[in-house]
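Okay, thanks for squeezing me in. I'd like to walk through the side-chain contacts in this one, so pull it up and follow along.

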Amino acid sequence: MLLQCRAEYAVELQRGDGERRKRTSSVCSNDSINAGGIPLAPRRISWRQRIFLRVASPMKKSPSAMQLQDGGDGNELLPLSPLAPSLEEDPLVSLLQNEDAQDKTGEKKNSEELQSLWRKAIHQQILLLRMEKENQKLEASRDELQSRKAKLDYEEVGTCQKDVISVWDKKLLNCRAKIRCDMEDIHATMKDGVPKSRRGEIWQFLAVQHRVRHRLPNKQQPPDISYKELLKQLTAQQHAILVDLGRTFPTHPYFSAQLGAGQLSLFNLLKAYSLLDKEVGYCQGISFVAGVLLLHMSEEQAFEMLKFLMYDLGFRKQYRPDMMSLQIQMYQLSRLLHDYHRDLYNHLEENEISPSLYAAPWFLTLFASQFPLGFVARVFDIIFLQGTEVIFKVALSLLSSQEECIIMCETFENIVEFLKNTLPDMTKPQMEKIMTQVFEMDISKQLHAYEVEYHVLQDELQENSNLCDNGEAPEKLEKANSQLKRQNMDLLEKLQAAHAKIQSVESNLEDALARENKMKSVIQSLEQEKALYQKTIEKMCKYLPTEALSDCEQLLKEANCNPSKF
């Protein structure tokens, strides 16, 4: 039995040597590719596995035979790296496998067939690389869609119909061309709603329309520094910005992750603006304004819109270190309550509740710190359309809508609690009603008058303090006070008259421009008709006899035409 086993082992060795000699004579043999003398397996084997097979297998068997030993199935292959492609994925392995099949059958391929096989393998590899790149692009677009979905995770105020969306799409075509559109038409379309997915583009469109009509003086223009250049610099406001990152929309999925994509974008935006506007730098309320912008557009676009809000619309005044503009705004809101909601004003005064206790965050964050994001986005829509006075309209509408409930609160603590927590918790119909009131309200004249009144009162107090220091008699103070009041009333009347004239001139100018455009179109159509008539007359003159032609020339002279052409 032992002798029989040895004889069988010798026969297998001879067969292995014969197969090795046959493969050595092949043009593209496995021995020429594999220096170890082991033919390639149907699947790629790592160099560690090749060493293991040489040491662990004294017999000259191929790795494929080793894998199929013990009656195992061909699918039970040795473990490979997770990155190793399968037989179907790797065209080079399939090519070599075909050559192994060729060696087994004893058939030889010529050089052209081998070249075609190599070309096919290379082509398949190129296709695989292209597919990998396309998969990467798809993953990037999928991540972008998920990020966009996370950004717009809020409930809208009001529904935007499909016809309104198509109207906005037509208007957005004029954004790049910077064509001046009819503001009344834009105002009417804004009332019907704004689609959430196009809100960022619509804000940029409204900014372009504002800049077409109102250009800032050169002294008030922001510094001409690009966003990328600002990000390369360091800011002294870095600590304050980092502290406020976690406080800005802490429950929103885009900003909730600590130092996530949302917070990093917000940091970049606030850092860039603090470097751009040295006077303002960074103020706490700006982070909410920047956050709302980032939810609807990219970083660079949000930076441009933040510049528009601050410089073109003038919001940066309320963030200055002296807070003078914010004091004027609080006075204007108090005067609006005094003139239009006297009972509510008296109730707040009795409990010593000034607007700075509840309205200062509304103005500094544009309602973004306390109110639902859908309501805030709608407020931003109207701000981009009408400017800073929208904040007063919204504040006045909010207070007037809850006037009875506020009056029912009898203590200081209850009123403050209601204004800070209960008032922002509105239903969707209440928000829509407030937006309707904001569109119908016009308080521009009153705001201008109150601002002048504030400055007059401030000057009176300063003069009175100077007079008291000098020991002047009270009678002189009363006379000076009465004179200043008269001057104040005269100035208010003149200011209102000037505003009325400005509005009438602007309306007349728009009418004149509209008439001019109509006249241009009429003149153009008449010129086209004149050219057609002249061509017709030229054709008719070709067929007229000489006698009739002279009569025709006479008629043309009487009609102030030039007959020399004919």
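I'll go through charges, then the nonpolar core and the rings, and finish on the cysteines. One caveat before we start: this is a predicted model.

Let's begin with the salt bridges. The count comes to 18. The one I'd like you to find is between R199 and D381, where the side chains meet at 2.9 Å, N to O. R199 sits in helix α9, residues 199-213, and D381 sits in helix α20, residues 373-386, so this pair ties together parts that are 182 residues apart in sequence. Now, are those two side chains buried or exposed? R199 is buried, with a relative accessible area of 2%, and D381 is buried as well, at 0%. The pair also has company: salt bridges that share partners join E156, R199, R378 and D381 into one network.

Next, have a look at E279 and R316, which form a salt bridge at 3.0 Å, N to O. Here we're in loops. E279 is in the one between α13 and α14, and R316 is in the one between α15 and α16, so the pair ties together parts that are 37 residues apart in sequence. E279 is partly exposed, with 44% relative accessible area, while R316 counts as buried at 12%.

There's a similar mix at D244 and R247, whose side chains meet in a salt bridge at 3.2 Å, N to O. D244 is buried, with a relative accessible area of 6%, and R247 is partly exposed at 49%.

One more charge before we move on, this time with a ring for a partner. The charged end of K196 sits over the ring of Y154, 5.0 Å from its centre.

Right, the core. As a reminder, in soluble globular proteins nonpolar side chains tend to be buried together. The largest nonpolar core here has 106 residues, and the ones with the most contacts inside it are L309, W362, F375 and F380. Which helix gives the largest share of this core? That's α20, with 10 residues. If you click on L309, its contacts beyond four places in sequence include V289, L293, F380, I383 and F384.

Keep F384 selected, and let's turn to the rings. There are 14 aromatic pairs in the structure. W203 and F384 make a stacked one, 5.2 Å centre to centre with 10° between the planes. That pair links distant parts of the chain, with W203 in helix α9 and F384 in helix α20, 181 residues apart. Both W203 and F384 are buried. F384 also stacks with F308, at 5.7 Å centre to centre and 5° between the planes. This pair links distant parts too: F308 is in helix α15 and F384 in helix α20, 76 residues apart. F308 is buried, at 0% relative accessible area, and F384 counts as buried at 2%.

Elsewhere on the ring list, Y358, W362, F367, F371 and F375 form one aromatic cluster. You've heard two of those names already: W362 and F375 are among the residues with the most contacts inside the largest core.

Last stop, the cysteines. How many disulfides does a search of the whole structure find? Zero. Take C409, which is in no disulfide: the nearest cysteine sulfur, that of C405, is 7.5 Å away. C409 counts as buried, at 15% relative accessibility, and C181 is buried too, with 11%.

That's my tour, so over to you.

Methods: Residues numbered from 1 in each chain as written. Predicted model: local features only at pLDDT ≥ 70, side-chain atom pairs only at ≥ 80, totals over all residues. Heavy atoms only, no water. Disulfide = S-S within 2.5 Å. Buried < 20%, exposed > 50% of the residue type's maximum accessible area, 1.4 Å probe, protein only. Salt bridge = Lys/Arg side-chain N within 4 Å of Asp/Glu carboxyl O. Helix = DSSP H or I, 4+ residues; strand = E, 2+ residues; numbered from the N terminus. Core = buried A, V, L, I, M, F, W, Y, C linked by side-chain atoms within 4.5 Å. Contact = heavy atoms within 4.5 Å. Phe/Tyr/Trp six-rings, centres within 6.5 Å; stacked < 30°, edge-to-face > 60°. Lys NZ or Arg CZ within 6 Å of the ring centre and 35° of its normal.
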